[in-house]
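This report goes through a protein structure in plain terms. It deals with contacts between chains, ring pairs and charged pairs.

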Amino acid sequence: MKLEKDDLILLYRNMVRTRKLDELTIKGLQEGKVLSFYHSGQGSEGLAVGSAACLRKDDYLWGHHRGHGIGYLIGKGLDGKAFLAEHYGKVTGSCLGISGFHFAEPEYGALGAAGTIGSQFPISLGWGLAAKKTGKQQVVLACFGDGGSNRGTLHEAFNLAAVWKLPIVWLCDNNGMAQYTPIKDTYPKDDIADLAGGYNMPGVVVDGMDIMAVYEAVEAAVDRARAGGGPSLIEAKTARYRSHSEGSPDVSHTVTRSEAEIAELKKRDPIETFKIKLLKQGVLTEEMVDQINKEADEEIIETEKFSLDSPPPEPSILNKLIYAE
Amino acid sequence: MKEITYVQAIAEALAEELERDEKVFCIGEDIQTGTFGATAGLVKKFGPDRIMDTPISETAIAGAAVGSAMTGYRPVADFMFADFMYIAFDEILCKAAKWRFMHEGTQQIPVVFMAAMGGYLGLGAEHSQSPVSYYMHTPGIKVVVPSTPYDAKGLMKSAIRDNNAVVYLYHKALLGSTGEIPEEEYLVPLGQADIKREGKDVTLVATGMQVQFALNIAEQMKDKVSIEIIDPRSLEPLDIDTIVKSVEKTGRAVVVDEDTSRCGAACEISMQIVEKAFDYLDAPVQRVAAKNYPIPPGAMEKFVLPQPQDIIDAVEAVMG
Ligand SMILES: Cc1ncc(C[n+]2csc(CCOP(=O)(O)OP(=O)(O)O)c2C)c(N)n1
C-alpha cells in the first residue's frame, strides 16, 4: 500500500508518542510508581511503530519487550493510558493492575507477554495455527530479540510454522545486546536472518532505524502470509540506547558501554532521521513538528494523571482471575 | 569472624571452590557481570573459560552442566531467576535426578543448579516464585535454601562438593543482608537443620526469607511466647529429626514456606511432624505459605505471599 501524506505523519507522530511515553515510564520507575521493571524501548520506535502499522486490528501481535511492546500497540492504534496504569498497578490498567510489565491487550491481538524470553515462539505458533484454521486472513507478528533467537524454542516454532505454512511474520529486533552480553559471543554469524534458509522461508535484513525500510519489509511479509504463502523472517538492525533495564548497569560483559558508543548509535535515531526526511520532502513543516510534540506532551500529562487517579485493584479480584467459569 | 553480605558469601564460596578444584566451573547467562552479584568479579580471577557467559539457552546451560558433570567436571549452572529453571526441567528433573539411578548407580552427576528465588520485591508472577517443592518432590535431586550469609557460603561449598545434583536457591530479598562468618574455611553439611533461636512453647520451621520474618516475630512476641526457630537449610535431605525433637519439647508447630501452599514444603514437613510426633502435639500443626495464586506485581503481592502477620496469627492459633 502506498503511504499517503497523512499516513507518514501518523508514523512520525506515533514514534514521538512512543518515545515520550517511554520517558514517562522511566520517570515513573524512578519515582517508585512503576512496579517491577522497565526495559526502555528508546532506539526501536521505528521498528515497533513501522511494523505494527502493517497490521489489521484483528491480527495477532507479540511485541518485543523493549518498551514492553507499547510502540507496537501504539502503531496498532492504542494509546498509553492502560499501559501506564497497568505499570502503576491500577485497576484501569490493561490487565487490572495484576500483570504489570507482562500485560496483554487482547482487543488488539496482543494475547500475552512473558517473563521468559523465548516463550513467544511456541505460543505465537499457536496463534498462527488458529489464524490458519479460522481462515479470516489474519496474520501473526511475532517479535523477539537477538538474545531471544538463542532459545531452542525458535527452531521448533520456525520449523512447524514453515511445515504448516502458517501466516506468521517473525521479526527480530537485533540491537546487538542481550542484557549484558553482546551478540558476537552468542551467535556465530552476522545475520540472524540467515536462520530462515534452514526452514525454507524468506529471510531479510533491514535497517531497523529506518521506519520506511521496516514498513516495506514487514508489509511484504504480511501480504505473503495473508495470501497463504507462509512464514517469513525479518531481522531489523536496531540500537538499544539505555541499559538493559532501568537501574541495571549498562555494560557489555563487565565493560561499561561508553558515552561515545551510545552517541554513535543515536546518530541513526529513527525519529530524528524520519523527521529530517519528511521535512525535506515537505510532508512536515517545523510548525507541524512543534504541534505534534506539543500534543504528545499534553497526552503524556493526561496519561500520567489517569494512572495516578486510578485506584489499585481489590484483593477479591484474585479469585475471579484464577479459573474460568 | 568477619561481616559479609549474603550475596558476597555466595561469591566467596564459588571463588574458594573454583580455586580448590579445577574441575569446578560456572556457566550461565550474564554471569560475568552477575545479575544479582553472586558471580560478580569471578571472571577477573578465573577467566571466561571457567566463568562462562552463555546465550539465552536454558536447556543448553542445564544440559551442558549435566553432560560435563557425568564426565567428572563439577559445574555450577546459574539460571538467574529460579522461574527460568522450568525451561530446563527435563535436564534437571529427568536427567540430573534420575540417571544415576537408571544407569547402574555407577555414575555421578555432581552439578549445582543455582538461581535467585523469592518475592517481596514486587516483580510479578514470572519473576517471584520460590519453586522449592518441585525439587523436593523429585527423587534424586537435593535442594538447598540458605537464609543467612553463614549458611549461604557453607551450603554452596557443600553443594559443589556433593556427588549429586543440588538445586541451590538463594533469596533475592536477602542479597544485601549481613552476618558474620569465620575467616577460615568451613562447610555447612546438607541435611543438618539449624536452630536459629531456642524456645520452649512453639516450634517454628522456616527457610530462606521466612527465617528473617520468624526471627523478628520471635523477638517481638518474646514476652508472650517462647518460639523455637528451626531452619532445615536443605529440604532434601530433610533433617526431620531435629524438627521432631523440637516439637516433642514444645508440643506445638508452625511451618512456614514462601512457595505456594498446595503441595508445598510446608505440607510435607507438617505431615512428617504429624506422622512422627502426633502424640506430643497439643494443637493442630499450622501451615503458613503463599496462597494458591500466581504472584501479582507490586503492592498486590502481599495478598498472595505469606506476611509476618500470618505467622503471628498461626503462632497465636497453636497457643490457643
Ligand atoms: C528464559 C529467560 N532467560 C533469561 C531472561 C532474562 N532476560 C530478560 S531480557 C534478556 C535479554 C534479552 O535480549 P534480547 O532478546 O536481545 O532483547 P533485548 O533486551 O536486547 O531487546 C534476558 C537475558 C528471561 N527473561 N527469560
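Which residues do ring pairs link into a cluster? The cluster is made of A:F37, A:F101, B:F36, B:F81 and B:F84. The model discussed here is predicted.

## Where chain A and chain B touch

In chain A, 34 residues are in contact with chain B, and on the other side 30 residues of chain B take part. The size of an interface is often given as the accessible area lost when the parts come together. For chain A and chain B the buried area is about 2400 Å², and carbon and sulfur atoms give 65% of this area.

Polar contacts between chain A and chain B number 12 residue pairs, counting pairs with both residues at pLDDT 80 or more. On the side of chain A that touches chain B, helix α11 (residues 317–322) gives the most, with four residues. That side of chain A consists of 16 nonpolar, 16 polar and two charged residues.

The rule finds one salt bridge across this interface. Its partners are B:E58 and A:R151, with 3.8 Å from N to O.

## Ring pairs

Over all chains, the count of aromatic pairs is 22. Two pairs in chain B serve as examples.

What arrangement do the rings of B:F25 and B:Y73 have? Their planes stand at 75 degrees and their centres are 6.1 Å apart, so the pair is edge-to-face. B:F25 belongs to strand β2 (residues 24–28) of chain B, while B:Y73 is in the loop between α3 (58–70) and β4 (74–81), so the pair ties together parts 48 residues apart in sequence. B:F25 is buried, at a relative accessible area of 12%, whereas B:Y73 is partly exposed, at 34%.

The pair of B:Y150 and B:Y186 is stacked, with 4.3 Å centre to centre and 15 degrees between the planes. B:Y150 sits in helix α6 (residues 149–161) of chain B and B:Y186 in the loop between β8 (178–181) and β9 (194–197), so parts 36 residues apart in sequence are tied together by this pair. Is B:Y186 buried or exposed? The relative accessibility of B:Y186 is 9%, so B:Y186 counts as buried. B:Y150, with 31% relative accessibility, counts as partly exposed.

## A histidine in chain A

A:H68 is found in the loop between β1 (60–62) and α3 (70–75) of chain A. With a relative accessibility of 7%, A:H68 counts as buried. Leaving aside residues up to four places away in sequence, A:H68 touches A:F37, A:Y38, A:H39, A:F83, A:H87, A:F101 and A:F103. Two of these residues, A:F37 and A:F101, also appear in the ring cluster. With A:H39, the contact of A:H68 is a polar one between side chains, at 2.9 Å.

## Charged pairs

Side chains of opposite charge can pair when their charged atoms come close. The count of salt bridges over all chains is 46. Three of them are listed below.

| Salt bridge | N to O distance |
|---|---|
| A:R17 and A:E299 | 2.8 Å |
| A:K20 and A:D297 | 3.1 Å |
| B:D151 and B:R233 | 2.9 Å |

Which helices does the pair of A:R17 and A:E299 link? A:R17 is in helix α1 (residues 5–30) of chain A and A:E299 in helix α10, 282 residues apart. A:R17 is buried, at a relative accessible area of 16%, and A:E299 is partly exposed, at 24%.

The salt bridge of A:K20 with A:D297 links helix α1 of chain A to helix α10 of chain A, across 277 residues. A:K20 is buried, with a relative accessible area of 16%, but A:D297 counts as partly exposed, at 38% relative accessibility. Helix α10, where A:D297 lies, spans residues 286–309. The C-alpha atom of A:D297 is 29 Å from that of A:L111, and the two residues are 186 residues apart along the chain.

In chain B, B:D151 lies in helix α6 and B:R233 in the loop between β11 (227–231) and β12 (234–236), so their salt bridge ties together parts 82 residues apart in sequence. B:D151 and B:R233 are both buried.

Salt bridges also form a network, whose members are B:K2, B:E12, B:E16, B:E17, B:R20, B:K153, B:K157, B:R161 and B:E185.

Methods: Residues numbered from 1 in each chain as written. Chains lettered and ligands numbered in written order. Predicted model: local features only at pLDDT ≥ 70, side-chain atom pairs only at ≥ 80, totals over all residues. Heavy atoms only, no water. Contact = heavy atoms within 4.5 Å. Buried area = accessible area lost by both parts, 1.4 Å probe. Salt bridge = Lys/Arg side-chain N within 4 Å of Asp/Glu carboxyl O. Polar contact = N/O pair within 3.5 Å; in protein donor to acceptor, adjacent residues only side chain to side chain. Helix = DSSP H or I, 4+ residues; strand = E, 2+ residues; numbered from the N terminus. Nonpolar A, V, L, I, M, F, W, Y, C, P; charged D, E, K, R; others polar. Phe/Tyr/Trp six-rings, centres within 6.5 Å; stacked < 30°, edge-to-face > 60°. Buried < 20%, exposed > 50% of the residue type's maximum accessible area, 1.4 Å probe, protein only.
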